[in-house]
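This report examines charged side chains and the partners they find. Please look at the sequence and the structure before reading on.

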Amino acid sequence: MSESLRRESALAELAALAENVERCRERIVALAESQRLANIDPNKPDSDDGLLVAIYEAERALINAVRSLQRATRAR
């Protein structure tokens, strides 16, 4: 396989990975929303949920991963 074909293959794989990570991020967002709604307690408006915080941190990490993968696909 030529260098050009290997590079194009790698770029295509990076683009596919970016799409898959974005889908994972969307699933995390849905999970965060369902967790947030499940934890609404009018008697404890300031309650802190460690799980919800961890989910939001995971979402931020996935956002950064998607951006990094997208940047890599533009490295021509």
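## The pair E33 and R36

In this predicted model, E33 is partly exposed, with a relative accessibility of 35%. Its partner in a salt bridge is R36, and the closest N and O atoms of the two are 2.8 Å apart. R36 is also partly exposed, at 34% relative accessible area.

Both residues belong to helix α1, where they are three residues apart; the separation between R36 and E33 is therefore about one helical turn. As a general principle, side chains of opposite charge can pair when their charged atoms come close.

## A network around R25

How many salt bridges does a search of the whole structure find? The search finds four. Among them is the one between the side chains of E22 and R25, with a distance of 2.8 Å from N to O. E22 and R25 both lie in helix α1, and they are three residues apart, about one turn of the helix.

R25 also forms a salt bridge with E59, in which the closest N and O atoms are 3.3 Å apart. Because E59 lies in helix α2 and R25 in helix α1, this pair ties together parts that are 34 residues apart in sequence. E22, R25 and E59 are thus linked in a network of salt bridges.

Which members of this network are buried, and which are partly exposed? R25 counts as buried because its relative accessibility is 17%, which is under the 20% limit. E59 is buried as well, with a relative accessible area of 17%. E22, in contrast, is partly exposed, with a relative accessible area of 24%.

## D49, a charged residue without a salt bridge

Where is D49 found? D49 is in the loop between helix α1, which covers residues 3–38, and helix α2, which covers residues 50–73. D49 is buried, yet this residue has no salt bridge. The nearest side chain of opposite charge belongs to R36, and R36 is 10 Å away from D49. A salt bridge requires the nitrogen and the carboxyl oxygen to be within 4 Å, so this separation does not qualify.

What does the side chain of D49 contact instead? The side chain of D49 makes a polar contact with the side chain of Q35, at 3.1 Å. When residues up to four places away in sequence are not counted, D49 touches Q35 and N39.

Notes. Residues numbered from 1 in each chain as written. Predicted model: local features only at pLDDT ≥ 70, side-chain atom pairs only at ≥ 80, totals over all residues. Heavy atoms only, no water. Helix = DSSP H or I, 4+ residues; strand = E, 2+ residues; numbered from the N terminus. Buried < 20%, exposed > 50% of the residue type's maximum accessible area, 1.4 Å probe, protein only. Lys, Arg positive; Asp, Glu negative; His and termini not counted. Polar contact = N/O pair within 3.5 Å; in protein donor to acceptor, adjacent residues only side chain to side chain. Contact = heavy atoms within 4.5 Å.
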